[in-house]
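The exercises that follow are meant to be worked with the sequence and the coordinates side by side. Try each task before reading its solution.

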Amino acid sequence: MRRAARAARLGAERARFAAWARRLDLALRRAGGRLELDAPHGAHFYELPLPEVLLAGEGPGVLALRLGRDVHLGRRLVLEVSARARNEVELGDRVRFAAASRLQLRGGAIRAGADSSFRDGVLLNVSGGEIVLGRRCQLRRDAMIHANARVEMHDQAGLAERVSVVDMDHTHDGSDTFYLDQPLHVEPVSIGRNTPVYANTIIMRGARIGANAVIGANTMVRAGDYPGGVLYAGNPARAVRPLSPPAG
């Protein structure tokens, strides 16, 4: 009896997800795009994501949506897509979103490996670039990633509350020219395996952090190489101490 009830519940859930996907495809087609769906297991959800389809991009566009097994989509998840651009969202097995997160795609890709977790209010934004997260990555409340080129977090890396990661910025030359009209500088960011980044930190374009490092709270990590196995802190970030004694 219990098994039959569970099967019926899962069947109803998959039917609702399939209907949502059809509506999303229709909205994309009306705006000059289409949906490519690869989600044989559907998804688990309390409520289905809210799509925001923008009449933007050079088209024709496509949203490739690929979901692994047991993906959980949290309440008030927003999927914002430029319909006439090439967009991709790939979520591995058991990826979980909590509430009120937003995925913004203006051309580009968001990929999250198996068992990755996103807490409330996470923002993932791509504008022609890609966000690539390995397995078991953790993004806590109000963490943000913006990618015009590439932001990569290797397996088991994590962002704590209110961490911002950006791979671009506008350089202000001190003139009266509106700062957003000044040149945009873009350089990829990499966060190494098993590296936690603690609260209120900013990781800027061109930062390359090695494996098994720790980035302390309230740190500004500027462009450059930060070898693994070291605690970094400060504004700008500096090496505080190695996290293990040297061999021998």
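**Exercise 1: a sheet and its edge**

Within S27, Tyr226 is the bridge partner of Ile209. The model is predicted, so local features need pLDDT of at least 70 and side-chain atom pairs count only at pLDDT 80 or more, whereas totals for chains, interfaces and linings use all residues. Residues are numbered from 1 along each chain as its sequence is written, and side-chain values use heavy atoms, with hydrogens and water left out.

Task: establish how strand S24 is joined to S27, and which strands form the edges of the sheet.

Solution. Begin with the strands, which are DSSP runs of E with at least two residues, numbered from the N terminus, as helices are runs of H or I with at least four. Strand S24 (residues 207–209) runs parallel to S27 and is joined to it by three bridges; two strands pair if DSSP finds at least two bridges between them. Next, place the two in the open sheet of nine strands, whose order is S1-S4-S7-S10-S13-S16-S21-S24-S27 with parallel pairing. The edge strands, each pairing on one side only, are S1 (35–38) and S27 (224–226).

**Exercise 2: an acidic residue in strand S7**

Task: decide whether Glu88 is buried or exposed, and find which side chain makes a polar contact with its side chain.

Solution. Glu88 belongs to strand S7 (residues 86–91). Its relative accessible area is 12%, so Glu88 is buried (under 20%; exposed is over 50%, partly exposed in between, with a 1.4 Å probe and protein chains only). The side chain of Glu88 then makes a polar contact with that of Arg111 at 3.0 Å, where such a contact is a pair of N or O atoms within 3.5 Å, one able to donate a hydrogen and the other to accept it, and residues adjacent in sequence count only if both atoms are side-chain atoms.

**Exercise 3: aromatic pairs**

Task: classify the pair formed by Phe97 and Phe118.

Solution. The whole structure holds four aromatic pairs, counted where ring centres of Phe, Tyr or Trp (its six-membered ring) lie within 6.5 Å, with planes under 30 degrees apart stacked, over 60 edge-to-face and the rest tilted. Phe97 and Phe118 are stacked, at 4.4 Å centre to centre and 10° between the planes. They link distant parts of the chain, with Phe97 in strand S8 (residues 96–97) and Phe118 in strand S11 (residues 117–118), 21 residues apart. Both Phe97 and Phe118 are buried.
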